[in-house]
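Notebook open, coffee poured. I pulled up the model and jotted down what I looked up, hairpin first.

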Amino acid sequence: LDQTLEIEVNVRMTCTKCKKSNLRTEEVNGAIEKQLMLDESVTDNSIEKILSKSRKETVAKKCDNCSPNTNVDFEFERQIASTSDVVLVSLKRFLTDFETGISEKVKTKVDPTLRITIKGQKYQLKGVIEHHGNTIAEGHYTCTLKTEHEWKKINDSQISTTLTPAD
C-alpha cells in the first residue's frame, strides 16, 4: 500500500544571507497531510488550490557556504512534485491557540471536487470523511462513498443515497 500512495515533494532551502539554494526531492508514503506539509490551517475552498499551494517558512541553521559556525536564516519551501495513482488527502480543519491550548474549528466550506488534477495527474473523488461538531474533543464523523453508479452517505448504521458528497 505504501508504494501505491507514494508522493514526491520538492524541498528547497535557500540561505537568506548568501542566497545559496539546495533542492532535494523527498518521497512521502501515505496521505498528503496539509498540516504536515505546510503547517497551516486550510482556509481555501478548493481541493486543487489547497494542494497546489506551497509555503515558505524560516529556519535557523548553519550554512556550509557562508556561515559554517553560526546559524543563519534559511527559507524552507515544500511543494508536491509528483503523485501516484491514488492520493489520500487529510486537511487540518482546526486552529490551536498555543497560549490557551484551545482549538477552534475552521468552518470554511471545502468543495469536495469530483475531479482534480495534481501536477498533470488526474484523480476522481471516491470518498469523503466529514467531522460534524465545533471542537476536536466533541463531534461525530460521517462518510460519503462513491459506488459504481451513485454516492452513499454512511452515518453510523444509516445508509442513504445522495446526489453528491456535499449534500
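I started at the turn: E9 and E10 form a hairpin with 2 residues between them, and Lys 119 in that turn has a positive phi of about 50°. I'm using DSSP runs here, numbered from the N terminus, with helices as H or I of at least four residues and strands as E of at least two. This is a predicted model, where local features need pLDDT of at least 70, side-chain atom pairs count only at pLDDT 80 or more, and totals for chains, interfaces and linings use all residues. Residues are numbered from 1 along each chain as its sequence is written, and side-chain values use heavy atoms, with hydrogens and water left out.

Next, the pairing. E9 (residues 115–118) runs antiparallel to E10 (residues 121–124), joined by 4 bridges; strands pair if DSSP finds at least two bridges between them. Gln 121 in E10 is the bridge partner of Ile 118.

Which residues of E9 sit on its covered face? I found Ile 116 and Ile 118 there, with Arg 115 and Thr 117 on the uncovered one.

Then I checked the largest nonpolar core (buried Ala, Val, Leu, Ile, Met, Phe, Trp, Tyr and Cys residues joined through side-chain atoms within 4.5 Å). It has 16 residues, and among those with the most contacts inside it are Ile 116, Ile 118 and Tyr 123. E1 (6–15), E5 (67–82) and E9 each supply at least two residues of this core. The largest share, 5 residues, comes from E1.

I followed Tyr 123 outward: leaving out residues up to four places away in sequence, it touches residues including Leu 114, Ile 116, Ile 118 and Val 87. Contact means heavy atoms within 4.5 Å.

Phe 74 is another of the core residues with the most contacts, and Lys 61 lies over its face, at 5.3 Å from the ring centre. My cut-off for that: NZ of Lys or CZ of Arg within 6 Å of the ring centre and within 35 degrees of the ring normal.

Is Thr 144, in strand E12 (residues 138–146), buried or exposed? Thr 144 is buried, because its relative accessible area is 2% and buried means under 20% (exposed is over 50%, partly exposed in between; 1.4 Å probe, protein chains only). Not counting residues up to four places away in sequence, Thr 144 touches Trp 151, Val 128 and Pro 165, among others.

Last, the whole chain. I noted 2 helices and 14 strands. Buried residues make up 29% of the 167 residues.
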